[in-house]
Amino acid sequence: MQPLKKSGGTVNWMKLTLPRSTFQKRFTMRAHFPLFLMFALPSLTLGAGEPPLKLAGTTAAVYKTIGETTLFLYIFNPKDHQQADKRPAVVFFFGGGWNGGTPTQFEHHCRHLASRGMVAMVADYRVKNRHGTTPKECVMDGKSAIRWIRSNALKLGVDPERIAAGGGSAGGHVAAATGTVEGMEQPGEDTSISSHPNALLLFNPVYDNSPSGYGHSRVKDVYPQISPMHNIKKETPPTIVFLGTKDSLIPVATAKEYKQRMEAVGGRCELHLYAGQPHGFFNFRNQKYYLDTVEKMDTFLVSLNYAKAKPSK
């Protein structure tokens, strides 16, 4: 088996059949789901809408097409990764208030996790400024991304039962919602393939959409269904959360309440508070806190067998 090649191009996928697993039933994917052709293909851009970003060392794969909109995942593979591997995977969703943002926000997180042996990805998803959408469509796209990764696990060389979702701010909401919210699935997708991740990596996430939470006016008609805080259950994946105590959007009390609710149903939720830090403190430009949060994220992933412990110095 040849190693997966980093083409830096765009791939398209269709008609893929997979064996049964915990999350999968044998099925044939619909035509709007692309066929994985990562190996030695020239750069292809198929479908309408914006062209893919150019991220060095990545492959851009179409995971969803809605009307004239084509959505991409940008895949960072570990060194010498092979299709026959069964690696843990992670996908990150950018922040931006469901209005804007860029997949490059978590590029460095992905490069780090690829160096740790994971297949890491950043996802584009629909937002208000570019697509005229609501937070509901953001969540639907997040679920589509998880389902696409799991559906294509054999071709990606990933373990369909070790898929983490991460994100910051509104992207943290998208990630958290994929792990908590039932429904809000894209019509036409095969819902026998689970859209729930197996772990959550949340950076100052929006996870309370109630009248006292963030963004209620944007989701007031569906907030009981879309608010992660209000959909916690025993199946909610193990979660790690990073939050600054001076975050002007996400109160510390909200984070503590979320942790309490998860633990009340027997779930795991690690909460790391950073004294005096504002919203977005964890981003790559702030090296001190980027490195600290990444180290703690690493430790969490090691505990879940998503990465190996680093050798003692």
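Trainee: Is Trp98 buried or exposed here?
Mentor: In this predicted model, Trp98 has a relative accessibility of 0%, so Trp98 counts as buried.

Trainee: And what kind of aromatic pair does Trp98 form with Tyr214?
Mentor: A search of the whole structure turns up 15 aromatic pairs, and the one formed by Trp98 and Tyr214 is tilted, with 5.7 Å from centre to centre and 40° between the planes. This pair links distant parts of the chain, because Trp98 sits in the loop between strand E4 (87–93) and helix H1 (107–115), whereas Tyr214 sits in the loop between E7 and helix H6 (216–219), 116 residues apart. Tyr214, for its part, counts as partly exposed, at 28% relative accessibility.

Trainee: What about Phe106 and Phe282, how are those rings arranged?
Mentor: Phe106 and Phe282 form a stacked aromatic pair, 6.0 Å centre to centre and with 15° between the planes. Here too the pair links distant parts of the chain, with Phe106 in the loop between E4 and H1 and Phe282 in the loop between E9 and helix H9 (287–303), 176 residues apart. Both Phe106 and Phe282 are buried.

Trainee: Which residues make up the aromatic cluster?
Mentor: One aromatic cluster is formed by Phe92, Phe106, Phe203, Phe242, Tyr274, Phe281, Phe282 and Tyr289, and you will recognise Phe106 and Phe282 in it as the stacked pair.

Trainee: Changing topic, how many salt bridges are there?
Mentor: The count comes to 16 salt bridges, and the general idea is that side chains of opposite charge can pair when their charged atoms come close. One of them is between Arg147 and Glu185, whose closest N and O atoms are 3.1 Å apart. Arg147 lies in helix H3 and Glu185 in the loop between helix H5 (170–180) and strand E7 (199–203), so this pair ties together parts that are 38 residues apart in sequence.

Trainee: Are those two buried or partly exposed?
Mentor: Arg147 counts as buried at 2% relative accessibility, whereas Glu185 counts as partly exposed at 22%.

Trainee: Where else should I look for a salt bridge?
Mentor: Look at Arg268 and Glu270, where the closest N and O atoms are 2.6 Å apart; Arg268 is partly exposed at 30% relative accessibility, and Glu270 is partly exposed at 23%. Salt bridges that share partners also join Lys143, Arg147, Glu185 and Glu189 into one network.

Trainee: Back to H3, what does that helix look like?
Mentor: Helix H3 covers residues 135–151, which is 17 residues, and reaches 24 Å from its first C-alpha to its last, close to the 24 Å expected at 1.5 Å a residue.

Trainee: Why is H3 described as largely enclosed?
Mentor: The reason is that 16 of the 17 residues of H3 are buried, so the helix is largely enclosed by the rest of the structure.

Trainee: And Glu270 again, what stands opposite it?
Mentor: Ile240 stands opposite Glu270, which belongs to strand E9. Strand E8 (residues 239–244) and strand E9 (residues 269–274) pair in the parallel sense, over 6 bridges. Between these two strands the chain crosses from E8 through helix H8 (residues 252–264) to E9, and this β-α-β crossover is right-handed.

Trainee: Which way do side chains point along a strand?
Mentor: In a regular strand the side chains alternate between the two faces of the sheet.

How values were computed:
Residues numbered from 1 in each chain as written. Predicted model: local features only at pLDDT ≥ 70, side-chain atom pairs only at ≥ 80, totals over all residues. Heavy atoms only, no water. Pairing = 2+ DSSP bridges. Helix = DSSP H or I, 4+ residues; strand = E, 2+ residues; numbered from the N terminus. Right-handed = clockwise from strand over helix to strand, strands pointing away. Expected span 1.5 Å × (residues − 1). Buried < 20%, exposed > 50% of the residue type's maximum accessible area, 1.4 Å probe, protein only. Salt bridge = Lys/Arg side-chain N within 4 Å of Asp/Glu carboxyl O. Phe/Tyr/Trp six-rings, centres within 6.5 Å; stacked < 30°, edge-to-face > 60°.
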